[in-house]
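Q: Could we go through this model together, taking one feature at a time and reading each of them carefully?

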Amino acid sequence: MLKVHHLNQSRSQRVLWALEELNQPYEIVRYERKKTMLAPESLKKVHPLGKSPVLEDDGLIIAESGAILEYLEEYYDPAHQLQPQDKAQKLQYRFWLHYAEGSLMPLLLMKLVFGRLGKPPVPFGLRTLGNALGQGVQKAYLNKQIETHARFIESELAHKPWFAGDNLSMADVQMSFPVFALLSRGGIDNLPNLNAWKKRVEMRPAWKHAIEKGGPFTLPGE
């Protein structure tokens, strides 16, 4: 049986969702973040980087959510339920699968970090300076960059329900974490297409089952 090393408030929610969509049985090994929001040291016994998700399959250890989703598509989705076969849609599928972590998520992670420079664990005496620095970086750079990406994604979803076309794909699974983070902490209004996509995700039985098994889906810093 497939084994998912699942950390709360993490990208591993995507793997649970993918497995539910594929109707594949799996076992969950649970981990809880420390007060610092870092993963526990015990995850390093599974993979040297100590990150989640990690998938175990018959002795194989697969890390990185994008690599895990591609592995599941290759070996556990023979009917290509979650991968389009049309050439144009397949190109979109591949783009979003890599865009999620390559372009969008680094900006959202920076926003989280700079937004917390005025809070613990930053030493009390440095919080005023940290807050000023964090707000300054967000105003001068991050917020503009994130809005550019948000408007781009919003326009891409204007004429299709899912990222690769008419049907759900692994691209949507991969994009779920950054899109939820964008809508939660991006501070950007008027994103009806993104919000409609989020509602479609939340209405899927497989998503609901993944939440029931993996626990409430919250994001670090919320």
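Q: How are H2 and H5 oriented to each other, roughly parallel or roughly antiparallel?

A: This is a predicted model, and the orientation is read from the angle between the helix axes, where values over 145 degrees count as roughly antiparallel. The axes of helix H2 (residues 65–76) and helix H5 (residues 170–185) come within 10 Å and cross at roughly 160 degrees, and H2 and H5 are therefore roughly antiparallel to each other.

Q: Which residues of H2 and H5 make the contact?

A: On the H2 side the contact is made by Ser65, Gly66, Leu69, Leu72 and Glu73, while H5 contributes Met170, Val173 and Gln174. Sorted by character, the residues of this contact of H2 with H5 comprise 4 nonpolar, 3 polar and 1 charged.

Q: Why is helix H1 described as largely enclosed by the rest of the structure?

A: Enclosure is judged from burial, and a residue counts as buried under 20% relative accessible area. In helix H1 (residues 12–21), 10 of the 10 residues are buried, so H1 is largely enclosed by the rest of the structure; among them are Arg14, Trp17 and Glu20. Just after H1, Asn23 takes a positive phi of about 60 degrees.

Q: What radius of gyration does the protein chain have, and what would a compact globule with 222 residues have?

A: A compact globule with 222 residues would have a radius of gyration near 17 Å, and the 18 Å of the protein chain agrees with that. Along its principal axes, the C-alpha trace of the protein chain spans about 55 × 45 × 25 Å, and buried residues make up 46% of the 222 residues.

Note on methods: Residues are numbered from 1 along each chain as its sequence is written. This is a predicted model: local features need pLDDT of at least 70, side-chain atom pairs count only at pLDDT 80 or more; totals for chains, interfaces and linings use all residues. Side-chain values use heavy atoms; hydrogens and water are left out. Axes are lines fitted to C-alpha atoms, for helices over the stretch in contact, and angles run from 0 to 180 degrees between N-to-C directions. Helices (H or I, at least four residues) and strands (E, at least two) are DSSP runs, numbered from the N terminus. Angles under 35 degrees count as roughly parallel, over 145 as roughly antiparallel, 65 to 115 as roughly perpendicular and the rest as oblique. Contact means heavy atoms within 4.5 Å. Ala, Val, Leu, Ile, Met, Phe, Trp, Tyr, Cys and Pro count as nonpolar, Asp, Glu, Lys and Arg as charged, and the others, Gly among them, as polar. Buried means under 20% relative accessible area, exposed over 50%, partly exposed in between (1.4 Å probe, protein chains only). The radius of gyration is taken over C-alpha atoms; the globule rule is 2.2 Å times the number of residues to the power 0.38.
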